[in-house]
Amino acid sequence: MGHLLSKNGYRLKKRTRKLHHRKKKKRNCFLQGPCMLCFIVGVNGSGCRHNSVPGISIPGVGGVGIGAVAASKLAERYATLASPEDCSKFLLSPRELSIWEGQGRSLLSAVPAKLIPPPALFRTAGVSVTVPIPVPVPGCTSDYTEMVCKRKCSEVQRCTPCKQPRCAFAAPDGGLENGGLGGGGGEAASNSETGHCHLPICPLPSSSSSSSSSASSSSSSPADGCCGLGLRADLPHSSDLSPCCLHHYDDCQARSSDAADHLSINHLPSSILLKVLSHLTVKERCLCASLVCKYWRDLCLDFQFWKQIDLSGLQQVNDDLLVKIASRRQNVTEINISDCRGVHDHGVSSLASHCPGLQKYTAYRCKQLGDTSLSALATHCPLLVKVHVGNQDKLTDDALKKLGQHCSELKDIHLGQCYSITDEGMVALARGCPKLQRLYLQENKLVTDRSVQAVAEHCPELQFVGFMGCPVTSQGVIHLTALRNLSVLDLRHISELNNETVMEVVRKCRNLSSLNLCLNWSINDRCVEIIAKEGRSLKELYLVSCKITDHALIAIGQYSSTIETVDAGWCKDITDQGATQIAQSSKSLRYLGLMRCDKVNEETVERLVVQYPHIVFSTVMQDCKRTLERAYQMGWSPNTSNTS
């Protein structure tokens, strides 16, 4: 009887008894939900029968209950309807609903509010309808969930999420679910991700309150409320809301603000997380951060992290790893494999062939590498701007010639302690790389004045030049006066360097800001005085182990207004007078190195530290004190226990 108002109800007239013996076919109820009479629960005898319709008495019709004849008439009228919209209009019309009104409560109040509006919408003025109220029977529950039709097509579809807090029905499993069915009121819950608020079930208004508000609610529609309850989502504090809804709404708002205080780091935008992870090393990202979760693993594999790869000091790095990196990350622009003893020419060549956009290559102290790797880089990576390959014994002029042929954009090269390099390779490099800005050589015993002359003539943009320990002389150094952009000059341990050459370089190179003359015994007080007078842009002057006295320090303090750093360590002729005079007269001095100047008393230095706090004095005692202070600041404390 419960299916007489379904679309296919007309078929039940012919097969009423047969349906009890064969499997029922799936029927599409209106609004994709249970049919109306499936929710009618009455008492017939001693049990609870869901599939029977109790008698419904209508005043003015002689008190006769609606039996099979009345139900059949309704079914015939319902079967003539063509669309679900017509079915809903038929079932929800005031004329038809007046037949199903009960005594004291609405018979349709048991229907899920998702399918029909609240009972106030069904009231019709001047009509009095009574329906017997079911009496609780042992073994039969009156919970809403027990009234739902058990057919496959009776599942209620979820409501579209609302932007404002709304009431939700508890799911059969006890949880809250949007538009679900439930009989009890659960706890309020909030969803911080979607911003939706899920509240416990609000009790439906009684028939008396519904009749009193019939005039105001007759014009409303299910679209005006949330989940068909008639609650206006756009007016959460409207007078239409019941007190319980207002209470739950305020509670939900408070919980939403509390939930904002418990946001995870994963709620940050990915761009900010990438910035945070960029401060980690490759080892920390690969072995720590990438193991946190899948999201972090994907962030650690971002291409930005694999554009600049620092593998220096990792002994587990080998050729296979470089091949995998090259095959998967072809956008590598910078790589550092310094101190990686397991990398050979094959791995570097494979990396070069897969990464044509490589721009910076660093491989210090990789003695196992030779010309093959550097030649492959020069051939496949024409955009190279930086090549640091210090301390590679197997490197020869052939690799430098390849760089000169293919890498015209090269700007920075470090070839320190590559003992097999000669003037032939340096000349080829200088001619092919006119944009060279930084050139550093250290103890290259086969590099002479010819190389200095070549780089001075063919590389006019040079800014940093270093020939520490190379067998160059003043005849070669004098060519550096043609470099107008020269700012840093390292001439440490040049055996045949005279004062006139140094003074000429300082006069001609007006942008020179740092000059290193350490370990040159020929540099005397007169040279330092000319440097102080002519070095208009000079800020750093290193004179460790030079043949200078107090007069050099006094001249610096008297004539120079730009020098900030002076290192006169291991100069045995420096005394308290020179240290005091330069500290008193110099307005720009910020650092004075007096390491192992044995004629300078520690008491004098202590007095200068107090008088000139803006100057850092470097001695054995002062350096030890600063080291201890930094250790204390970082939390270190001396352990005086005997057991340690």
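The buried residues of helix α12 pack against α11 (345–354), β10 (360–362), β11 (386–388) and α13 (397–406). Here, contact means heavy atoms within 4.5 Å, and buried means under 20% relative accessible area, with exposed over 50% and partly exposed in between, for a 1.4 Å probe and protein chains only. Helices (H or I, at least four residues) and strands (E, at least two) are DSSP runs, numbered from the N terminus.

This is a predicted model, in which local features need pLDDT of at least 70 and side-chain atom pairs count only at pLDDT 80 or more, while totals for chains, interfaces and linings use all residues. Residues are numbered from 1 along each chain as its sequence is written, and side-chain values use heavy atoms, with hydrogens and water left out.

How much of α12 is buried? In this helix, residues 371–380, 7 of the 10 residues are buried, so α12 is largely enclosed by the rest of the structure. Among them are Asp371, Leu374 and Leu377.

I turn now to the aromatic rings. The structure holds 2 aromatic pairs; rings of Phe, Tyr and Trp (its six-membered ring) pair if their centres lie within 6.5 Å, and planes under 30 degrees apart count as stacked, over 60 as edge-to-face and the rest as tilted. The rings of Tyr440 and Phe464 have centres 6.3 Å apart and planes at 45 degrees, so this pair is tilted. Tyr440 belongs to strand β13 (residues 438–442) and Phe464 to strand β14 (residues 464–468), so that the pair links parts of the chain 24 residues apart. Both Tyr440 and Phe464 are buried. The pair of Tyr632 and Trp636 is also tilted, because its planes stand at 45 degrees, with the ring centres 5.5 Å apart. Tyr632 is partly exposed, at 46% relative accessibility, and Trp636 is partly exposed at 42%.

Phe464 has a further partner: the charged end of Arg438 sits over its ring, 4.3 Å from the centre. A charge sits over a ring if NZ of Lys or CZ of Arg is within 6 Å of the ring centre and within 35 degrees of the ring normal.

Finally, the structure holds 16 salt bridges, each a side-chain nitrogen of Lys or Arg within 4 Å of a carboxyl oxygen of Asp or Glu. In one of them, the closest N and O atoms of Lys401 and Glu424 are 2.8 Å apart. Lys401 lies in helix α13 and Glu424 in helix α14 (residues 423–432), 23 residues apart.
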